[in-house]
Amino acid sequence: QPTDTSAAETTLRYAHFMPAGSWQNQVIFEDWARSVEQASGGELEVKVFPAQTLGKAPAGYDNAKNGIAEIAWTVQGYTANRFPLSQIVELPGLFKTAEEGSCAFQKLYDSGVLDSEYEDTKVLYVHVHGPGHLHTRDKAVTSLDDLKGLKIRRPTTVIGKLLEELGAEPVGMPAPGIYEATQRGTIDGFMLPWEAVKGFRVDEVAPNHTEIGLYSLAFVATMNKAAYDRLGAAGKAAIDANSGMKWAVIAGRGYDQGDIVGREAAAASGTIYQLSDAQTAAWEEAGQRVTESYLTELEAQGLPARQTYADFKGYVADCRAMIAN
Amino acid sequence: MPRLVAISVALSSAALGFLLLVVAASILARILYDSSGGAIDLLIPGAIEAASYALLVLIFAALPLAAGEGLIRVEFLTARFPLALRQYLDRLWLILAGCVGGLMAWNFAWETLTALQRGDATQDMQIPLFLFHGFITITSAAFALAAVLRAVTRHHRAESS
Amino acid sequence: MSPEAIGFLAIGILLLLIVLRCPVALAMILTGAGGFAAIVGWQPAVSLFMTGPFEVASNYSFTMIPLFLLMGNLAAQTGLSKDLFAAARRLMGGWRGSLALASVTASAGFAAVSGSSLATAATMGRVALPEMKRQGYSNRLASGSLAAGGTLGIMIPPSIALLLYALITEQSVGALFLAGVLPGLLAFALYLLVIVLHLKLHPEDAGRPEALQDEPLWPLLWRASPVALLFATVMGGLYGGIFTPTEAAGAGAMLTLLVALARGLKRQAFAQALRDTVVTSAALFLIIIGAEIFGFLLSVSQLSFGMVELIREWGLAPWQVLIVILVFYVIFGCFMDSLAMILLTVPIFYPLILESGFDPVWFGIVAVVTVELGLITPPVGMNLFVIRSVAPDIAMQDIMRGILPFVGIDLLRLAILAAFPAISLWLPKLLGAY
Ligand code: NA
Ligand code: NA
């Protein structure tokens, strides 16, 4: 039941870019807000601002840093080179579900190796979305030959390189533009997890789905440092109690649930294709090559990329075992 | 002042020309690519980002120009105000506009340093972001300068918008 | 003070500043950042001056604005406006008031390549006003028909106003452009009707009747025909599923440039088109940036949210909500700059419109009609100022008197469009764009 916040001492504004009617708004944001309000015993009121009403998506992290919103949820990849170690979790083939990926990402964050990337805000938790698949307009893709020459919207630069390796033509564009671009044939397809396929309604324009699970995106929910420091003891405790693993896993599970719903919808309106083992191996091999080149690039900048990559793989295994039990 | 405006027009027009070229070229490249079955590959993978940042340059380059010709006002009651009051108000607004420009320049100057230090880059083409932040710093400062100069030197005929 | 109270106070101060001749963009920036500071804090407010402008100016969708503006400016520089007027004049030759009828007709044609009302009014004003004066037309008829004809610029696609509405509300640009076609043609027909009726009452306003020209019609139509080609490219490409909206704008501008080059565009004229485009773009983007910063204040003050609550509490019926909004728009439009009005009010009213169950595309058309109206209603009608700046010897009083019949017919059209959403929605639905 909702806490009475009319006498709350402090209002925290939580900005995100998902629509007000999305499942994220409820499961990730409103539920979190109520949980914090309750835990603070009336000190805090948390107001959720969906759909970029408090800042455009790419500015999310900076807006939390500057206090335009006290809390923001955003995608690390919006600014290239800013979160290079965090974006290791986006590399191909690292996990099977958003839950295990989010759990592992949070463990990686808790280990402290990513701290320098987030030093100007107070991170609440980090998570990922489920594995992204390939969706095409006219041509079903079941082999590398099918992919050759197709113009595919790339979700990240790393996946752009992967697509190039596989003979496709990567195209960069913001995700909300995918629907129109696919409809008009500006692109032949795109890569998205099932959840987002439904969210952007892009199964209407791309009926062919190739389930390969090649990439993910890193997300962070983060808070303005001064806003946190200003809170009283009860407020700080409420934030702390709603930070870390618990909410990383809730967000991950939400995305997995979204993937199930999205996959069903896509299967009903289109066709889902699986790759043969031989084809899968070819894709994975290309995935290894771009992973290698990304890690090498980071190492050259003096970042502990290989160690981080290995650690993350270990955390995924731990989390997988933990979830199985 | 006239030189500042001339530079402003030239830069902004160049960015507009570039924007037009990028958008037109990417349509043409796509038509060629599709009609040749992928044989003619002139596709520009970062075209959308290139267009977006061309717009950024176009708008901010035009700021000093906008300090003079681009400030849309609404002429409503002021026609009946005494001339001295109108001039006083116009100066006040120009100086405040200058302050806003100065504040923007100040903000972006720090952001330029941060972006330079961190090596932030654009998502697709990996262009260093400090270049854009630095550019905005300069044009915002030029806007502030243009506005303040206008406030100080403007002739004694209150202009209509 | 509660955030909502600060929000209302900021709107009041904003209007006060605008009345005191403060540049509209500056007024929005000052009150937006000030109100935000009062609710959230000074430091965050200062950082609005960074993220706001950057995100707005690097937004890919907004590249359509300079591209469509360039298209219209190139069309003007290459003389398409003159050719349109010449062809329309030949077509209407022999009728009473043929020059006024031709002005409105040519304005409608020019609107098909120009996204801006001010540009349409200024361009056609320069072409047609001197001719009407030479033929002894009264100042009020001449200036009235041109100021009114200019408003067609933002109803007949392409349209910057419809574009902004689409971007704010995340509706399809294509659907809104198509929805504007019939209301635009309706406006065109009604303006012709106004001129005919006006001349029944005041035949003397048309000066000496113009003799039928014996110039052959076809070459004149041929000279003006690129307008049809350009319109077909933009709209056809958009609905044929070939172009995204930005691509349509780019293709339109590029094709206009090619047409202009083929017709011997001078370097000077090209530079002028570029200059006109960047000045207008910068002016417009200053307002967009101002609206963005003011939008932050509207968000944190939760003003729209409060208004939705209020409507629920009062139990207002949807049509009552609509009437309140339209009356507000018509009154506000008398004083306010047109595009600033869209940028400021749509974020506030849009939730109310959705809450009341109205169609968002149809409301876009209705809102833009009220903006059109605002362009020609005294005391602050930008098109009236534009006409006056083209012909400084015409008294403002004459312009205002001349525009009144058109204001009347526009109010009637607004009522028709509000009562019959099908007029706006039929075409986009027919073509499957919506
Ligand atoms: Na138009
Ligand atoms: Na008006």
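This dialogue explains how to read a helix packing, a pocket and the cavities of a predicted model.

Trainee: Which conventions apply here?

Mentor: The model is predicted, with local features needing pLDDT of at least 70 and side-chain atom pairs pLDDT 80 or more, while totals for chains, interfaces and linings use all residues. Residues are numbered from 1 along each chain as its sequence is written, chains are lettered from A and ligands numbered from 1 in the order in which they are written, and side-chain values use heavy atoms, leaving out hydrogens and water.

Trainee: At what angle do helix α1 and helix α10 of chain A pack?

Mentor: Two packed helices are described by the angle between their axes and the distance between the axes. Helices are DSSP runs (H or I, at least four residues) and strands likewise (E, at least two), numbered from the N terminus. Axes are lines fitted to C-alpha atoms, for helices over the stretch in contact, and angles run from 0 to 180 degrees between N-to-C directions. In chain A, α1 (residues 23–39) and α10 (residues 245–269) pack at about 160°, with axes 10 Å apart. Therefore α1(A) is roughly antiparallel to α10(A), a term for angles over 145 degrees.

Trainee: Which residues make the contact?

Mentor: Contact means heavy atoms within 4.5 Å. Among the residues involved are A:W23, A:V27 and A:W32 of α1(A), and A:W247, A:I250 and A:Y255 of α10(A).

Trainee: How is empty space found, and how much lies in the second largest pocket?

Mentor: Rolling a probe the size of a water molecule over the atoms shows where empty space is left. On a 1 Å grid over the protein atoms alone, a cavity is a set of points where a 1.4 Å probe fits but cannot get out; a pocket is an open set with protein on both sides within 12 Å along at least five of seven lines; lining residues have an atom within 4 Å of a point. Volume is the space filled by probe spheres set on the points, which are joined across faces, edges and corners. The second largest pocket holds about 1,400 Å³. Its lining has 46 residues, with C:L118, C:A122, C:V279, C:T280 and C:V386 nearest the centre. Helix α7(C) gives the most, seven residues.

Trainee: How many cavities of 30 Å³ or more are there?

Mentor: There are seven. The largest has a volume of about 140 Å³. Among its 13 lining residues, B:V100, B:M104, B:F143, C:I29 and C:L286 are closest to the centre, and α4(B) gives the most, with four. The second largest cavity has about 60 Å³, and β3(A) gives the most to that lining, three residues.

Methods
Parallel < 35°, antiparallel > 145°, perpendicular 65-115°, else oblique.
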